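Dear colleague,

Please find below the structure for your examination. My account of what was found in it follows directly after.

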Amino acid sequence: MRRIDFTNTQVASSQTARDINRGVVLNLIRRRQPISRADLARVSGLQRSTVSLITEQLIRERWVVHGPIGRLPRGRRPTFLRLNDRRAIIVADLRPAQTTVGVADVNCNFLSQETVPTSNDPEVTANDLAERIRHLMGIHSDLVFEGVGISLPGRFNHDTQRFIFGPNMGWPDFDFKGAIERATGMRVEMENAANACALAEVWFGHTEKIRDFVVVTVSEGIGTAVFANGQLVRGLNGMAGEFGHVPLDTAGPLCGCGGRGCWEVYASNRAALRYYHESGPGNDGLSFHDLLALADARDPLAQKALEKMARALGRGMRMMVTGLAPEEIVIVGELTRQWFRFATAIEEEVAAGFLVGKPPRVRPSEGNMARLRGTVALVLQKHFGPAAEANEKRSRGLRRSKVPG
Ligand SMILES: [Zn+2]
């Protein structure tokens with residue numbers, strides 16, 4: 001079985017075979033549940049006795065339960081195993097105008113969801129979000145919560161544990177992660193929204209066998225995640241993937257990052273709204289959702305604005321296609337609701353700049369929950385991947401060690 005390493009580090013050499021096997025078995029149960037011990041042994045190539053030891057441990061730890069649900073007659077051992085869906089994760093998607101917060105179980109079934117306004121003061125947002133989290137935990141007091149996963153419209157530095165780059169948020173430096181952890185008593189994982197979507201693709205999607213793909217999140221800005229050679233690329237300070245801020249025209253419109261003419265000022269939801277207003281209608285306060293509705297109602301100016309956005313998206317994607325040679329480009333965002341309107345223009349632009357062979361497949365993400373699904377994977381990967389576990393141990397060690405000077 002080929003496993004994908006979700007982190008950008010190698011499996012530590014000191015990692016014991018038992019920990020690795022545990023991750024393999026847990027992942028097999030996750031993907032193939034309900035599954036018998038015999039099948040686990042067959043698919044994993046591990047011995048039956050090893051599988052039995054590991055599954056007993058997973059049952060003791062309440063990660064795995066016997067299934068299907070129901071008591072079997074005395075003396076008979078249930079055969080099938082599945083993940084314990086009483087284990088849950090608090091998920092949040094932080095965006096400039098509003099934050100979505102909810103509860104999902106380990107199988108990524110969403111149990112509740114609500115939205116809170118995002119303030120331009122990070123402390124206010126942290127307090128509001130922490131209050132909603134405590135409220136949700138109270139409603140679902142029968143669940144065991146694993147942690148909180150938050151996707152961000154910017155970059156998160158995993159070394160300093162700080163939200164370091166969010167040009168559309170305009171927040172001053174603030175320990176957002178620490179504030180939520182202190183207020184809720186829960187462990188918090190944060191990740192760039194595009195990276196979270198890439199994790200969702202690998203974790204819940206059909207991208208398991210694809211080693212090179214790119215995720216492009218299109219909303220107020222443009223974020224991208226680079227998954228290369230079967231690994232998420234984070235780069236120095238976690239800043240890899242900021243294609244949205246590559247200037248295409250240094251005399252272009254001002255961008256939230258302080259630069260001019262960045263890709264995102266031509267291809268984001270905000271860009272489409274600007275195109276629409278520039279073409280005549282001066283209706284301020286229009287949302288991207290409204291613009292899609294206008295296009296649907298055959299408003300030619302709205303359709304034109306969206307077409308212009310689609311062309312700009314496709315042209316910008318040539319940077320990634322030419323530089324990274326992905327097999328697939330996955331698009332996340334409100335625009336996927338009217339994918340028919342965008343697909344042709346994007347595909348044409350991508351193909352026009354392609355050098356050799358067949359251009360990559362461009363497709364919308366499945367469903368509109370990619371960011372939230374990604375945060376579920378973000379919290380769970382700590383438990384399901386031996387490489388992730390090794391990485392976690394190492395980063396804990398790093399944080400404990402003193403920095404000279
Ligand atoms: Zn920019």
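Two cavities of 30 Å³ or more are held within the structure, which is a predicted model. The largest cavity has a volume of about 200 Å³. Its lining comprises 21 residues, and those closest to its centre are Pro-153, Gly-154, Gly-221, Ile-222 and Gly-223. Helix H6 (193-204) and strand S12 (222-228) are the elements that give two or more residues to this lining. Sorted by class, the lining of the largest cavity has 8 nonpolar, 8 polar and 5 charged residues.

The second largest cavity holds about 70 Å³ of space. It is lined by Cys-197, Ala-200, Glu-201, Gly-205, Val-332, Ser-365, Glu-366, Ala-370 and Arg-373. The elements that contribute two or more residues here are H6 and H12, and H6 provides the largest share, with 3 residues. By class, 4 residues of this lining are nonpolar, 2 are polar and 3 are charged. Helix H6 therefore deserves a look in both places, because it gives two or more residues to the lining of the largest cavity and also to that of the second largest cavity.

I turn next to the open space. The largest pocket contains about 750 Å³. Of the 27 residues that line the largest pocket, Asp-93, Arg-95, Gln-98, Glu-334 and Arg-337 lie nearest its centre. Two or more lining residues come from each of strand S5 (98-105), helix H8 (269-278), helix H9 (288-296), strand S14 (328-333) and helix H12 (370-384). The classes represented in the lining of the largest pocket are 8 nonpolar, 12 polar and 7 charged residues. Helix H12 is thus named both for the largest pocket and for the second largest cavity.

The model also includes a zinc ion. Its protein donors are His-245 (ND1), Cys-255 (SG), Cys-257 (SG) and Cys-262 (SG), at 2.0 to 2.3 Å from the ion. Along the sequence, these donor residues follow the spacing H-x9-C-x1-C-x4-C. Which arrangement do the 4 donor atoms around the zinc ion form? The arrangement is tetrahedral, because the angles that the donor atoms subtend run from 103 to 126°, and the criterion for four donors is that all angles lie between 85 and 135 degrees. For reference, the ideal angle for four tetrahedral donors is 109.5 degrees. Two of the donor residues may be set side by side for their accessibility: Cys-257 is partly exposed, with a relative accessible area of 33%, whereas Cys-262 is buried, at 1%.

Two helices remain to be described. Helix H1 (residues 17-32) has 16 residues, which at 1.5 Å a residue should span 22 Å; the C-alpha atoms at its ends are 22 Å apart, so the two values agree. The buried residues of H1 are Asn-21, Arg-22, Gly-23, Val-24, Val-25, Leu-26, Asn-27, Leu-28, Ile-29 and Arg-30.

Helix H2 (residues 37-44) contains Asp-39. Is Asp-39 buried, exposed or partly exposed? Asp-39 counts as partly exposed, because its relative accessibility is 28% and that class lies between the limits of 20% and 50%. Asp-39 is 12 residues from Val-51 in sequence, and the C-alpha atoms of Asp-39 and Val-51 are 9.9 Å apart in space.

With kind regards

Conventions: Residues are numbered from 1 along each chain as its sequence is written. This is a predicted model: local features need pLDDT of at least 70, side-chain atom pairs count only at pLDDT 80 or more; totals for chains, interfaces and linings use all residues. Side-chain values use heavy atoms; hydrogens and water are left out. Donors are N, O and S atoms within 2.8 Å of the metal (3.2 Å for Na, K and Ca); water is not among the atoms, so sites may look incomplete. Four donors count as tetrahedral if all angles lie between 85 and 135 degrees; four count as square planar and six as octahedral if opposite donors are over 155 degrees apart and all others between 65 and 115; anything else is irregular. Buried means under 20% relative accessible area, exposed over 50%, partly exposed in between (1.4 Å probe, protein chains only). Helices (H or I, at least four residues) and strands (E, at least two) are DSSP runs, numbered from the N terminus. The expected span of a helix is 1.5 Å times one less than its number of residues. On a 1 Å grid over the protein atoms alone, a cavity is a set of points where a 1.4 Å probe fits but cannot get out, and a pocket is an open set with protein on both sides within 12 Å along at least five of seven lines; lining residues have an atom within 4 Å of a point. Grid points are joined across faces, edges and corners, and a volume is the space filled by probe spheres set on the points. Ala, Val, Leu, Ile, Met, Phe, Trp, Tyr, Cys and Pro count as nonpolar, Asp, Glu, Lys and Arg as charged, and the others, Gly among them, as polar.
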